[in-house]
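Subject: Handover of a structure and the findings on it

Dear colleague,

Please find below the structure that I am handing over to you. My notes on it follow directly after.

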Amino acid sequence: MDQATQHLYMNKGISEFSYSSNSSVQKQAIYKTKIVVEQAILDILSKFSSSTSISAAEKIRSICVADLGCSSGPTALLVISNLLDTIYNKYRESTMVMPEILVFLNDLPENDFNTLFKYLKSFRDELKNTKGDGFGPCFVAGMPGTFYGRLFPSNTVHFVHSSYSLHWLSQAPTGNESNKGNVYIAKSSPPSVVEAYCRQFKKDFISFLNCRSEELIKGGRMVLTFLCRKSSDPTSKEGICSLLGLLSMALKDMVLEGVVEEEKLDICNFPVYYPSLEEVKAIIQNEGSYRVNQLETFQVNWDGSDSSKGDSTTDVLKSSYVIANSIRAVYESLLTSHFGEEIINELFVRFREIVKEYAVQEKTEYTNLVISVTKGEMI
């Protein structure tokens, strides 16, 4: 893990700038992919219940699911709640005994697991109140560590979910030293920088697929949601690429005024990559462990709203504030480790104003990709 990713974590706690208070975009993505996740879980459960031998079906006593890159906000438990609802409704309609459920919540060790675990008691209480004693038991455990390495024993996991995590790289790409004035790929980035980012993403994603292939049971499922781009050109100005360009613009303004050192900006490259649908599909097919069941894109607004409504000045002001806080919640740890805490408040005041001007003229949407895959076939 390089120096950048050592400082990678979403803002902790429940304060104004915390991830927990600023994850409406991530929540929208979970809502929009809920049906895909439900279909994947039901597929696994139906394969269990359609066993040719009743006695064999009765031996299915537990289901193991993992949410990789869960972070610490309410979105983590929202995913688990949706999964448990699907499992509960499936077994309530059958004569089969409700299985025990083991849930692993994974993120990097620096993640705010304390805040996440504080919600678990109320989560379990709500589970018992709504579903009764006939549901469960359900065990929830934290699993700190990078998902670019092994996390679980072989052939033990039934379902893997990951949302808004796999665009994070294991490290900032090597060979991007000439990406001056940009925190990510931009129109001014030389081809060597673009190639370095693409190469690092491919290496990391293959490692992820290889590790999950070892851990998933045969016939196990994964649903993965990325921030991505529509264009095949990594330097295109769209979605999150454009938004990080606006953040670079705010930093450049601070360089011109002597608030930020130019040298520090020139060597600041975020460990992220936003792939195209074609890139993701090609890597999965070449890796060879999975059958693709579903692959599609959808849009979510930068401020986390489901759709753009109105264009008044008040809406733009409110929206720009929400957008700035959401980006701060995600990237502040990286920015602080690189530039220091003293610039952060001013940086995001400037960033908010730049976003406000941009939003008046341009569409402010993230492109998202969701893919559902199966490992081999269930015996």
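Which helix and strands do the buried residues of H11 pack against? They pack against helix H8 (191–215), strand S5 (216–228), strand S6 (290–301) and strand S7 (365–375), where packing rests on contact, meaning heavy atoms within 4.5 Å. Helices (H or I, at least four residues) and strands (E, at least two) are DSSP runs, numbered from the N terminus.

Please note the basis of what follows. This is a predicted model, in which local features need pLDDT of at least 70 and side-chain atom pairs count only at pLDDT 80 or more, while totals for chains, interfaces and linings use all residues. Residues are numbered from 1 along each chain as its sequence is written, and side-chain values use heavy atoms, with hydrogens and water left out.

Confidence

The average pLDDT of the chain (the predictor's confidence in each residue, from 0 to 100) is 87, and 91% of the residues score at least 70. Over residues 52–58, however, the pLDDT is below 50, and this stretch has four contacts in the model beyond near neighbours in sequence. Where pLDDT is low, the predicted coordinates should not be read in detail.

Helix H11

Helix H11 covers residues 277–287, and Glu279, Val280, Ile283, Ile284 and Glu287 are buried in it. Buried means under 20% relative accessible area, exposed over 50%, and partly exposed in between (1.4 Å probe, protein chains only). Seen down the helix axis, the buried residues of H11 fall within an arc of 125 degrees, so they line one face of the helix; the arc is that of the directions from the helix axis to the C-beta atoms. Glu278, Gln285 and Asn286, on the other side of H11, are exposed. Gly288, just after H11, takes a positive phi of about 90 degrees.

Core and aromatic residues

The largest nonpolar core (a set of buried Ala, Val, Leu, Ile, Met, Phe, Trp, Tyr and Cys residues joined through side-chain atoms within 4.5 Å) has 116 residues, and Phe205 and Tyr331 have the most contacts inside it. Leaving aside residues up to four places away in sequence, Phe205 touches Tyr148, Leu166, Leu224, Phe226, Val280, Ile283 and Ile284. Phe205 also belongs to an aromatic cluster with Phe147, Tyr148, Phe201, Phe208, Phe226 and Tyr273.

The whole structure holds 16 aromatic pairs. Rings of Phe, Tyr and Trp (its six-membered ring) pair if their centres lie within 6.5 Å; planes under 30 degrees apart count as stacked, over 60 as edge-to-face and the rest as tilted. One tilted pair is Trp168 with Tyr331, at 5.5 Å centre to centre and 45 degrees between the planes. Trp168 lies in the loop between strand S4 (157–163) and H8, and Tyr331 in helix H12 (residues 313–339), so the pair ties together parts that are 163 residues apart in sequence. Trp168 is buried at 10% relative accessibility, and Tyr331 is buried with a relative accessible area of 4%. Trp302 and Tyr366 also form a tilted pair, with ring centres 6.2 Å apart and planes at 40 degrees. Both Trp302 and Tyr366 are buried.

Charges over rings

The charged end of Lys12 sits over the ring of Tyr9, 4.7 Å from its centre. Arg328 lies over the face of Phe17, at 3.8 Å from the ring centre. Such a case requires NZ of Lys or CZ of Arg within 6 Å of the ring centre and within 35 degrees of the ring normal.

Yours sincerely
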